[in-house]
Amino acid sequence: MSGPFIFRLPRSLVRGRLDPRSTSPLVQALIARLKNSRYPAVALHKLTNFRKQVVQDISPGTTYIGLENIEGIAGGYVPTSDKESISSAAVFKAGDVLFPKLRPYLNKTHHANFDGICSTEFHVLKIHGALPGYVAAILRSDSVVQLTTQWMTGNTLPRLQTADVQNLLIPLPPNDVQLKAVTIMQEALTTKKKLEKEASMLLSSVSSELLRQLAITAPKQITNTTHKKFFTTSCLNVCQNRWDAIFWDPRNVLYEEAIEQGSFQTRSLGLLCKFSTQQWNTYKEFQENVPYLEISAINPVTGKFAAPEMIPTSEAPSRAKMLVQTGDILISTTRPGRGAIGMAEQEHPSKFVASTGFAVIRDVNASVDRNYLYAMLRSEIALLQMTRRTSGGNYPAISQAQLEKIKIPLPPVETQREIVQALNVIRTQASKLQENANKAIQLATMQVEKLILGD
């Protein structure tokens, strides 16, 4: 909590909630910043209708948006695999603004450009008193994000109260100023997409470069649609191993065979490293707050993650499990093929705790370079094998026993280091492009806030 821990407040300002966080000096300053901006401010509920249409019967092909589908800060829609089970969802229309009830500090406000359904953890706003793109831009501003973060209630699933959202002050400039703010954000989004496309193209070359370095010939893609859906394998294989189709999909089988036929011998991951079983102890390792990392904090494209979130020790037992230290490699065991794999680096706390959804590699033997192993685990070579070995329906996951079976090509250590250097050149270029893409959005957000709220 920023600001003094002890403060006085006139009784007239204590309305609705009695907790000090919601009326702290920081909150009062942020409300004043919105109220005393360059333009008159009105409550959000005067500019919008809160849609409350919820459906249980989901039509096939309907696009569903969950919190995980929205980028932080930029607010863009990121498609993921179809949800296998949705009990209920909220209806939204093109032009609506989706504002999250849960964890507002993640800054996942989305301006929809198509009809669909979304998680009931969104407020669906039909804007009528301003430009929807402008309202979305203000809701993403640093002042609003800070304010709504202070208004959160609850520990495990911190969320906003509907009344607080309805009464949130929105500065209302003339239409030409609103349009200018929208244009600033749209131009930044265009720049971001361009840079991200360049970064994606660079990163897509990593797998081909790795295959070239290891002299592995990737199998030809199966183009016939019927062959993609129907295939056979021997009864002996099925009886001795697994029954599911993903495991015996020819594309996955042929890829593993190609890895085995490369120029270098392969070793199972379980023979190259040891998985840490060290669980954390609140009283020994931490005091008031615990640095905590969840799977969504890892960027699947770059493998980078921001500083772990600080959570109260009382909340940590239900969310955290593994103790992580510098140099550890973290692998998401839930949907591992997505690439949520990272390494704890020097800029992170020397020790922190991680979600129960991580497997943690700590010790590696002398035959493998740690950075090479990390690069391999983030490559198509390992990710396809992980996907093949997942099990479960709605929440596919991979066990440690199955992770240990992942095959890793093993050239001499010096060659491994040369490969890492070559891949790092590509990844560094891609990371710089991604960094510039994020900076474009951050700069635009600051420009909009200055345009509306002043310095």
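Colleague: What makes strand 16 and strand 17 a pair in this predicted model?

Modeller: Two strands count as paired if there are at least two bridges between them. Strand 16 and strand 17 have three, in the antiparallel sense, so the pairing criterion is met. One place to look is Ile331, which stands opposite Ile341 in strand 17.

Colleague: And how do you know that strand 16 pairs with strand 19?

Modeller: By the same kind of reasoning. Four bridges join strand 16 (residues 329–332) and strand 19, again antiparallel, and the pairing needs at least two. Here you can find Leu330 opposite Val360 of strand 19.

Colleague: What makes strand 12 a partner of strand 19?

Modeller: Three bridges link strand 12 (residues 273–275) with strand 19, and the two run antiparallel. At least two are needed, so strand 12 qualifies as a partner. Within this pairing, Phe275 faces Ile361.

Colleague: Which order do the strands of the open sheet follow, and why are strand 12 and strand 17 called edge strands?

Modeller: The order is 12-19-16-17, four strands with antiparallel pairing. Strand 12 and strand 17 (341–343) each pair on one side only, which is what puts them at the edges. Neighbouring strands are turned against each other by 30 degrees on average, direction ignored.

Colleague: Why is strand 19 described as largely enclosed?

Modeller: Strand 19 covers residues 358–364, and five of its seven residues are buried, so the rest of the structure largely encloses it.

Colleague: How do you know that helix 12 is largely enclosed too?

Modeller: Six of the eight residues in helix 12 (residues 370–377) are buried, so the rest of the structure largely encloses this helix. The six are Tyr372, Leu373, Tyr374, Ala375, Met376 and Leu377.

Colleague: What makes Asp369 a cap for helix 12?

Modeller: A side-chain oxygen of Asp369 lies 3.0 Å from the backbone nitrogen of Asn371, at the N-terminal end of the helix. A polar contact requires an N or O pair within 3.5 Å, so 3.0 Å fits.

Colleague: Which residues have the most contacts inside the largest nonpolar core?

Modeller: They are Leu269, Ile329, Leu377, Ile381, Met386 and Ile408, in a core of 44 residues. Helix 15 (residues 413–453) gives the largest share, seven residues. Apart from this core lies another, of 39 residues, including Leu139, Val144, Ile184 and Ala444.

Colleague: What does Leu269 touch, leaving out residues up to four places away in sequence?

Modeller: Leu269 touches Phe275, Ile361, Leu373, Leu377, Leu403, Glu404, Ile406 and Ile408. Two of those names came up earlier: Phe275 and Ile361 stand opposite each other.

Colleague: Why is Thr148 called buried?

Modeller: Its relative accessible area is 3%, and buried means under 20%, so Thr148 falls in that class. Thr148 belongs to helix 3 (residues 142–150). Beyond its neighbours within four places in sequence, Thr148 is in contact with Phe99, Pro104 and Leu160.

Colleague: What does the side chain of Thr148 reach?

Modeller: The backbone oxygen of Val145, at 3.2 Å. With a limit of 3.5 Å for a polar contact, that distance is within range.

Colleague: And for the protein chain, what percentage of the 455 residues is buried?

Modeller: Buried residues make up 45%. The chain holds 15 helices and 20 strands.

Definitions and conventions: Residues are numbered from 1 along each chain as its sequence is written. This is a predicted model: local features need pLDDT of at least 70, side-chain atom pairs count only at pLDDT 80 or more; totals for chains, interfaces and linings use all residues. Side-chain values use heavy atoms; hydrogens and water are left out. A nonpolar core is a set of buried Ala, Val, Leu, Ile, Met, Phe, Trp, Tyr and Cys residues joined through side-chain atoms within 4.5 Å. Buried means under 20% relative accessible area, exposed over 50%, partly exposed in between (1.4 Å probe, protein chains only). Contact means heavy atoms within 4.5 Å. A polar contact is a pair of N or O atoms within 3.5 Å; within protein, one must be able to donate a hydrogen and the other to accept it, and residues adjacent in sequence count only if both atoms are side-chain atoms. Axes are lines fitted to C-alpha atoms, for helices over the stretch in contact, and angles run from 0 to 180 degrees between N-to-C directions.
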